[in-house]
Amino acid sequence: AIGTRSRIGDHDHAMMMRDVALEMFSIRQVMAFGEEIPDGVMDINALLEVGDGDDLSLEARSDPADHVATMCWWTDTDPIPRPVARSHNHWIAASMPTLLEAHLTSDDIILSAQYMTGLGALAGVFGPWLLSGAKLVLHEPIDVKGFVDQCEQEQDSIAVLPSPMSETMAGFFSFTGIQRAICIWPDLYR
């Protein structure tokens, strides 16, 4: 499906998208809002009606922290990844629960077995590390014995684990000096 405005500048954008859809079998619906919706295009003006006093104008955000900083991709049951824009403020807000609940300080050493991809690792490891000023040590998540050895060697105070590794590691923490553990379940971070 394509959603657009009827006209963008001097261009009859809705008609242009309708013509593109005629040539491409995969585009099954063209929707538009604005004035003079052409035949063959679904008019969605009624869906966008607002009440008195509602202002839906979009203005560029003046605070650079609200600008898009990263683009992540999300797939659920749909095999096609969907882009998800995230701002600096979003990353800070997503990192704060871990930072606060784990009581991270600049004296901590974080040993992470998370790959630095996606919201879970970036908000659960990378952001809290930057905000706290702690030391971050990264480890390959598939080597459990190496992870335990590294916990002892680095004198880490916090371990960050992907969920499948958390049950395996639970019994080892009493021997390593790990004071706190953070487990990240990807399903919770959408």
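**Close-up views of a predicted model**

**Figure 1. Nonpolar and polar residues share the lining of the second largest pocket.** In this predicted model, the lining divides into six nonpolar residues, four polar ones and no charged ones. Welcome to a pocket that encloses about 190 Å³ of space. Its lining is made up of T70, H88, W91, I92, S95, L122, F126, G127, L130 and L131.

**Figure 2. Helices α2 and α3 both contribute to the lining of the second largest pocket.** Here we look at where the lining comes from. Helix α2 covers residues 88-101 and helix α3 covers residues 118-132, and each supplies at least two lining residues. The largest share belongs to α3, with five residues.

**Figure 3. A69 sits in strand β4.** This strand runs over residues 68-74. Is A69 buried or exposed? Its relative accessible area is 36%, so A69 counts as partly exposed, given that buried means under 20% and exposed over 50%. Leaving aside residues up to four places away in sequence, A69 touches R86, S87 and H88. One of these, S87, is 18 residues from A69 along the chain, yet their C-alpha atoms are separated by 4.8 Å. Another, H88, also appears in the lining of the second largest pocket.

**Figure 4. The protein chain has six helices and nine strands.** To set the close-ups in context, 35% of the chain's 190 residues count as buried. The accessible surface comes to about 12500 Å², and carbon and sulfur atoms hold 57% of that area. Among contacts with a separation of 6 or more, 48% link residues 24 or more positions apart.

Key:
Residues are numbered from 1 along each chain as its sequence is written. This is a predicted model: local features need pLDDT of at least 70, side-chain atom pairs count only at pLDDT 80 or more; totals for chains, interfaces and linings use all residues. Side-chain values use heavy atoms; hydrogens and water are left out. Helices (H or I, at least four residues) and strands (E, at least two) are DSSP runs, numbered from the N terminus. Buried means under 20% relative accessible area, exposed over 50%, partly exposed in between (1.4 Å probe, protein chains only). Contact means heavy atoms within 4.5 Å. Accessible areas come from the Shrake-Rupley method with a 1.4 Å probe; for residues, only the protein chains shown count as cover. On a 1 Å grid over the protein atoms alone, a cavity is a set of points where a 1.4 Å probe fits but cannot get out, and a pocket is an open set with protein on both sides within 12 Å along at least five of seven lines; lining residues have an atom within 4 Å of a point. Grid points are joined across faces, edges and corners, and a volume is the space filled by probe spheres set on the points. Ala, Val, Leu, Ile, Met, Phe, Trp, Tyr, Cys and Pro count as nonpolar, Asp, Glu, Lys and Arg as charged, and the others, Gly among them, as polar.
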